[in-house]
Amino acid sequence: MSEQLHISDSASKAEKYEALIPQIEALTGSEKDLIANLANICAALHQTFGWLWTGFYLIKENELVLGPFQGPVACTRIRFGKGVCGTAWKDAKSILVPDVEQFPGHIACSSLSVAEIVIPVFENTGKVAGVLDIDSDRFNVLDETDVYYLEKISALVTTLLNN
Ligand code: SME
């Protein structure tokens, strides 16, 4: 396919995800390189939704290490159980944080971030391989609809990890 996304500006959030997911599958389906695929997934999400920051952290040597992302420079390493990302890794569960001030231990990579979603990415054994992290500079943008679809994208990444 051509390297161009086709998403209607007037579509609802759910419609945008429904249109985006098959395009992500097409973009990544014939490429074996994990970093290339994660980079395009970040770009596709970031371009579609205009968040502050969109990226992956991957577990290496028992820490989350910054992977492909779009947005301002970010913290390079996050330890198990630390911040929203390290907590999502520890609990192996998605976390929606509507107001980062209300999340004890939140790591403020950017002072502009006010809300966040972190979705674990699993190996097909069920072990956490990393996280997908979304930061917003606006309140009331990130919600359960994002969690629902970002978990679908995380499941897609699981298939890419095993290529
Ligand atoms: N806020 C995250 C750190 C990563 S940055 O937002 C890119 C956390 O608390 O884990």
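**Exercise 1.** Which element gives the most to the shell around the ligand, and with how many residues?

*Solution.* The structure is a predicted model. Begin with the elements that each supply at least two residues of the shell: strand S1 (53-60), helix H3 (83-91) and strand S6 (128-136). Of the contributors to the shell, H3 gives the most, with 3 residues.

**Exercise 2.** Describe the residues that surround the ligand, by number and by class.

*Solution.* Step one is the count: the ligand is surrounded by 13 residues. Step two is to name the closest, which are Val84, Cys85, Ile107, Glu116 and Asp135. Step three is to sort the shell by class, which yields 8 nonpolar, 2 polar and 3 charged residues.

**Exercise 3.** Find polar contacts of the ligand, then state how far the protein covers it and where it sits.

*Solution.* A polar contact requires a pair of N or O atoms within 3.5 Å. Take the backbone first: a polar backbone atom of isoleucine 107 is 2.7 Å from a nitrogen atom of the ligand. Next come the side chains. In glutamate 116, a side-chain N or O atom is 2.9 Å from a nitrogen atom of the ligand. For aspartate 133, the partner is an oxygen atom of the ligand, 3.3 Å from a polar side-chain atom. Turn now to cover: on its own the ligand has 310 Å² of accessible area, and the protein covers 99% of this. As for location, the ligand sits in the largest cavity.

**Exercise 4.** How many disulfides does a search of the whole structure find, and which parts of the chain are linked?

*Solution.* The search finds 1 disulfide. Its partners are cysteine 75 and cysteine 109, with sulfur atoms 1.9 Å apart. Locate each partner in turn. Cysteine 75 is in the loop between strand S2 (63-70) and strand S3 (77-79). Cysteine 109 is in the loop between strand S4 (95-97) and strand S5 (115-122). The two cysteines are 34 residues apart, and the pair links distant parts of the chain. Last, consider handedness: the angle about the S-S bond is -120°, and the link of cysteine 75 and cysteine 109 is left-handed.

Technical notes:
Residues are numbered from 1 along each chain as its sequence is written. This is a predicted model: local features need pLDDT of at least 70, side-chain atom pairs count only at pLDDT 80 or more; totals for chains, interfaces and linings use all residues. Side-chain values use heavy atoms; hydrogens and water are left out. A residue is near a molecule or strand if one of its heavy atoms lies within 4 Å of it. A polar contact is a pair of N or O atoms within 3.5 Å; within protein, one must be able to donate a hydrogen and the other to accept it, and residues adjacent in sequence count only if both atoms are side-chain atoms. Accessible areas come from the Shrake-Rupley method with a 1.4 Å probe; for residues, only the protein chains shown count as cover. On a 1 Å grid over the protein atoms alone, a cavity is a set of points where a 1.4 Å probe fits but cannot get out, and a pocket is an open set with protein on both sides within 12 Å along at least five of seven lines; lining residues have an atom within 4 Å of a point. A molecule sits in a cavity or pocket if more than half of its atoms lie within 2 Å of its grid points. Helices (H or I, at least four residues) and strands (E, at least two) are DSSP runs, numbered from the N terminus. Ala, Val, Leu, Ile, Met, Phe, Trp, Tyr, Cys and Pro count as nonpolar, Asp, Glu, Lys and Arg as charged, and the others, Gly among them, as polar. A disulfide is a pair of cysteine sulfur atoms within 2.5 Å.
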